[in-house]
Amino acid sequence: MHTILFGGSVCVMYTCYSWIYGHLIAGGTLDPTGGLVDKCRDILYVNMFSMGMSLVHENFWWILVVIPLFVIYQIAAMFFNWMLTPREEVPEEQISKTQQKKQKKAEKFGYGR
């Protein structure tokens, strides 16, 4: 079990490093703006901490459970924020009677919108 978790952790770290490297090659910076690079750095820190502490005791691998739980929390927060945010109703345009007559006349002669 320890070897499987180590291999998975190394794969995740390689993926995060490659995303960060690709971002830097494309001209990006490492400032904490809340994007994908910031999330990758957080995942790298958690992985390095759990790998280092697992040298002390093997149950420190359970810290890696924090990553999927955080992703589930973020998705649930986005979903509930979307569901509970009231939507603005778009009011219908108020058109004067002369404009309504002009629109009917234009539609009658084929100039309608």
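Select Asp-38 and Arg-41 first: in this predicted model the two side chains form a salt bridge, with their closest N and O atoms 3.2 Å apart. Side chains of opposite charge can pair when their charged atoms come close. Both residues belong to helix α2, where they stand three residues apart, about one turn of the helix. Are these two partners buried or exposed? Asp-38 counts as buried because its relative accessibility is 18%, and Arg-41 counts as buried because its relative accessibility is 19%, the cut-off for buried being under 20%. If you look for further pairs of this kind, note that the count for the model comes to one salt bridge.

Now widen the selection to the whole of α2, residues 36-53. This helix has 18 residues and reaches 26 Å from its first C-alpha to its last, which is close to the 26 Å expected at 1.5 Å a residue. Along with Asp-38 and Arg-41, the buried residues of α2 include Val-37, Cys-40, Leu-44, Asn-47, Ser-50 and Met-51. Show the surroundings of these side chains, and you will find that what covers them includes α1 and α3.

Move next to α1, residues 2-25, a helix of 24 residues that reaches 34 Å from its first C-alpha to its last, close to the 34 Å expected at 1.5 Å a residue. Which residues of α1 should be picked out as buried? They are Ser-9, Met-13, Cys-16 and Ile-20, and the buried residues of this helix pack against α2, the helix with which the tour began.

Stay with α1 and display the cysteine sulfurs. The count of disulfides in the model comes to zero. Cys-11 is in no disulfide, and the nearest cysteine sulfur, which belongs to Cys-16, is 11 Å away. Cys-16 is likewise in no disulfide, although the sulfur of Cys-40, the nearest one to it, is 3.9 Å away; that pair is not counted because a disulfide requires sulfur atoms within 2.5 Å. The setting of each residue is also worth inspecting: Cys-11 is exposed, because its relative accessible area is 52% and the cut-off for exposed is over 50%, whereas Cys-16 counts as buried because its relative accessibility is 3%.

Follow α1 onward to Leu-24, which is placed in this helix and which counts as partly exposed because its relative accessibility is 37%. With neighbours within four places in sequence left aside, Leu-24 is in contact with Thr-29 and Leu-30. Select Gly-35 as well and draw the C-alpha to C-alpha distance: Leu-24 and Gly-35 are 13 Å apart in space and eleven residues apart in sequence. On the way between them, stop at Gly-27, which follows α1 and has a positive phi, near 100°.

For the last stop, turn to helix α3, residues 66-84, and select Leu-84, which lies in it. Leu-84 counts as exposed, because its relative accessibility is 67%. Add Phe-79, Phe-80, Trp-82 and Met-83 to the selection and show the surface: together with Leu-84, these residues make a nonpolar surface patch of about 600 Å². Which helices, finally, should be shown to see the cover over the buried residues of α2? That cover includes α3, the helix now on display, and α1.

Terms used: Residues are numbered from 1 along each chain as its sequence is written. This is a predicted model: local features need pLDDT of at least 70, side-chain atom pairs count only at pLDDT 80 or more; totals for chains, interfaces and linings use all residues. Side-chain values use heavy atoms; hydrogens and water are left out. Helices (H or I, at least four residues) and strands (E, at least two) are DSSP runs, numbered from the N terminus. The expected span of a helix is 1.5 Å times one less than its number of residues. Buried means under 20% relative accessible area, exposed over 50%, partly exposed in between (1.4 Å probe, protein chains only). Contact means heavy atoms within 4.5 Å. Patches are made of residues with over 30% relative accessible area and no salt bridge: like charges are joined within 9 Å, nonpolar side chains (Val, Leu, Ile, Met, Phe, Trp, Tyr) within 5 Å. Accessible areas come from the Shrake-Rupley method with a 1.4 Å probe; for residues, only the protein chains shown count as cover. A salt bridge is a side-chain nitrogen of Lys or Arg within 4 Å of a carboxyl oxygen of Asp or Glu.
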